[in-house]
Amino acid sequence: MSAAAVEHPCDGEPESLLETANRLAEQNPGCRVEIIGGVITVAPSPDAPHARVLNKITRPFVAAGLDDGETEVFQGIGVWLPSGPSDFAIPDLSVVDADLDEHLIENNCYDPAVFRLVLEVTSSNYRSDLRNKVVTYAEAKIPVYVIIDRRHGRLHVLTEPMGGGYDSHEVYAPGQTVTLPESIGAPVTLDVDELVRAGRPRA
């Protein structure tokens, strides 16, 4: 993750933070541009192991029926955050209420109230996923935040959002399984070892 330099046009009104973020997204196709805590961040394109983890972890959510009926499962849709006037994030995976389309706020981002779960697979921006986003997702009152920490080979499940974080933070290691809260719409069990192995480059 890197904080992007804010450049203003030579003439006319200086562009807003949101306009800068959108310009950077256009100039850096494949990168993920977000505004967290009033700071623009630009994450590089994910590598193959990142995509492999995301593919594997999507399957149990779909198999549980969460992509049909009262909820849907998406990769890479924006959530508008209350932590700043233009703050937004783009989680790797989300479980949302099926009426998501009725809750568009701005800049292709949706009301955090319709997000039942957000999930991040760490890359070079792992500090943001493990720190900054814990605070911002909790402030947005997103009930469940899951992190696949590829750097340290662990899976984090955070629940019960409060002021500046989550009241419950459980960490799971390879060899363990975790069943996510049924509040997301259905029980989903994840195999930590499978996900950690998927996040490593293949020999």
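**Entry 1: strand E11**

I began with E11 (144-149) in this predicted model. I asked how many residues of E11 are buried. The count is 6 of the 6, so the strand is largely enclosed by the rest of the structure. Buried is taken here as under 20% relative accessible area.

I then looked up which residues lie on each side of E11. Val144, Val146 and Ile148 occupy one face, and Tyr145, Ile147 and Asp149 occupy the other. Every one of these residues is buried, and both faces are therefore recorded as covered.

**Entry 2: the partners of E11**

I next looked up the strands that pair with E11. E10 runs parallel to E11, with 5 bridges between the two. Within this pairing, Val118 has Tyr145 of E11 as its bridge partner. I also noted the connection: E10, helix H3 (residues 126-139) and E11 form a β-α-β unit, which is right-handed.

E12 is antiparallel to E11, and 6 bridges join them. Here Tyr145 is partnered by Leu158 of E12. Tyr145 thus has a bridge partner in E10, Val118, and one in E12, Leu158. The hairpin of E11 and E12 has 4 residues between its strands. In this hairpin I found Gly153 with a positive phi near 65 degrees.

**Entry 3: strand E7**

I turned to E7 (93-97) and asked whether its residues are covered or open. The strand is mostly covered, with 5 of its 5 residues buried.

Two pairings of E7 were looked up. Strand E4 (residues 71-75) is joined to E7 by 5 bridges and runs antiparallel to it; Glu72 stands opposite Val96 there. E7 and E10 are also antiparallel, over 4 bridges. In that pairing Val96 faces Phe115 of E10.

**Entry 4: the nonpolar cores**

I then asked which residues have the most contacts inside the largest nonpolar core. They are Phe61, Leu117, Leu155 and Leu180, in a core of 27 residues. At least two residues of this core come from each of helix H2 (48-63), E7, E10 (115-121), E11, E12 (154-162) and helix H4 (192-198). Apart from this core lies another, of 20 residues, including Ile36, Ile77, Tyr145 and Leu158. The bridge partners Tyr145 and Leu158 are thus both listed in that other core.

In soluble globular proteins, nonpolar side chains tend to be buried together.

**Entry 5: Leu117**

Finally I looked up the contacts of Leu117, setting aside neighbours within four places in sequence. Leu117 is in contact with Phe61, Leu93, Ser94, Val95, Ile142, Val144, Val146, Leu180 and Ile184. Val144 and Val146 in this list belong to one face of E11.

Conventions. Residues numbered from 1 in each chain as written. Predicted model: local features only at pLDDT ≥ 70, side-chain atom pairs only at ≥ 80, totals over all residues. Heavy atoms only, no water. Core = buried A, V, L, I, M, F, W, Y, C linked by side-chain atoms within 4.5 Å. Buried < 20%, exposed > 50% of the residue type's maximum accessible area, 1.4 Å probe, protein only. Contact = heavy atoms within 4.5 Å. Pairing = 2+ DSSP bridges. Right-handed = clockwise from strand over helix to strand, strands pointing away.
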